[in-house]
Every structure is written in C-alpha cells, then in structure tokens.
Amino acid sequence: MIICAGNNETFNFANPMGVGLIETTLNLTRLCLFDKPEFLLFVGTAGSYGEKNIFDIVESKTAANIELAFLSSDAYTPLDNVVSTNITNKKDIIVNSSNYISTNKELTSKFLKLGIGIENMEFFAVLSVAKEFDIPAGGVFCITNFTDKNAHQDFSKNHEKAKELLTEHVKKRIKELTNR
C-alpha cells in the first residue's frame, strides 16, 4: 500500500494518513488494525540538512525522532528515537521527523554528523507503526527546501514540482518491479 501525508501533500496513487507524527500514527494504526497491508511505501517531500539538493529523490527505510534541543544538549530522551525496517547492508540516509519544520541552518547541520540527512514530519511514525505490525516499509522523498530561514518559502515554491517528480519516480519504480 502506498501512503502519503495529506492536506496539500496528496497523490492520486496514495492514501493520505495525516500530517505530523500524531495524525499519521493514529490513522495508520487504525488502518493496520482493520485491514493490515502487506507493505507500506510512504511518499512525501523533505527538507535537506545540507547534503541533498532541491529536487533530489531519496529512498530510505530508517527514521529518527530527534528534536533540535538535543543538538545543543538542552534535552534528552529515554525513548528509542531511531527506527529502521532496513534488512540489507545498504546504508540508509536517516530521515528525521518532528512536528516542527527546522529553520536554523547552523543547528541542523549538526544532524549530518549523526548520519541524518533530511527531515519529513511523518516518516518516523510510519516506520514505528510498520515495525509494531511487522509490515515491510520504506519511504521515497523529494527535497523541496534546505532547513534554513527560507524553508517555508522554498517549500511552497518547489512543492508542486516535487510532487510531479515523486509521481514520476514512483511510477517508474513500480514498472521496474513489476517487469522483473
């Protein structure tokens, strides 16, 4: 099953689950309880912490939930804040998820040192639910912005094209997989 966030980030081939960690967790859990999918593929946009460029496509099976305060040693968590469905030796770009969009380039560049390359609000929730229900899962993202003071403006400017690129990418990958 292919899923996406919702609101203005929808695709005609994906089921919307909600925006942010909470809506996604609630709606995806409800779906899994009543009609457990065989697999989950999340499709969405993301912000780059600096190494990925605008309109790059990133595939990943690993997500984190690390808040900015952790980077400046102003917070800690007793929770396991990294989840992965990756069962290969291929190293994933880790996708960080928060209910907030990062706009501090200096601070977010510290994520790169932790192996975290991009951020998307929902992906940690998707992988957490997938692991709980033992469902293979992954994500495909198109970069719309860098995590700097222009994050929202750039996201808005690049969002429609990113959705088009994601649609092309997903359709191409499905074709590749079904022609094996």
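Analyst: Quick bit of vocabulary before we start: a helix here is a DSSP run of H or I that covers at least four residues, with numbering from the N terminus. Keep in mind that this model is predicted.

User: What makes K163 and E160 about one helical turn apart?

Analyst: Both sit in helix α5, and they are 3 residues apart, so about one helical turn separates them.

User: How do you know that K163 and E160 form a salt bridge?

Analyst: The closest N and O atoms of K163 and E160 are 3.9 Å apart. The cut-off is within 4 Å, so the pair counts.

User: Why is K163 called buried, and E160 partly exposed?

Analyst: K163 has 13% relative accessibility, and buried means under 20%, so the label fits. E160 comes in at 48%, which lies between the 20% and 50% limits, so E160 is partly exposed.

User: What about D154 and K157: buried or exposed?

Analyst: D154 is buried at 15%, whereas K157 is exposed, because its 61% is over 50%. Their side chains meet in a salt bridge at 4.0 Å, N to O.

User: What makes R173 and E59 a link between distant parts of the chain?

Analyst: Their salt bridge has its closest N and O atoms 3.1 Å apart. R173 is in helix α5 and E59 in strand β4, 114 residues apart. Each is partly exposed: R173 at 31%, and E59 at 31%.

User: How many salt bridges does a search of the whole structure find?

Analyst: It finds 4.

Notes:
Residues are numbered from 1 along each chain as its sequence is written. This is a predicted model: local features need pLDDT of at least 70, side-chain atom pairs count only at pLDDT 80 or more; totals for chains, interfaces and linings use all residues. Side-chain values use heavy atoms; hydrogens and water are left out. Helices (H or I, at least four residues) and strands (E, at least two) are DSSP runs, numbered from the N terminus. Buried means under 20% relative accessible area, exposed over 50%, partly exposed in between (1.4 Å probe, protein chains only).
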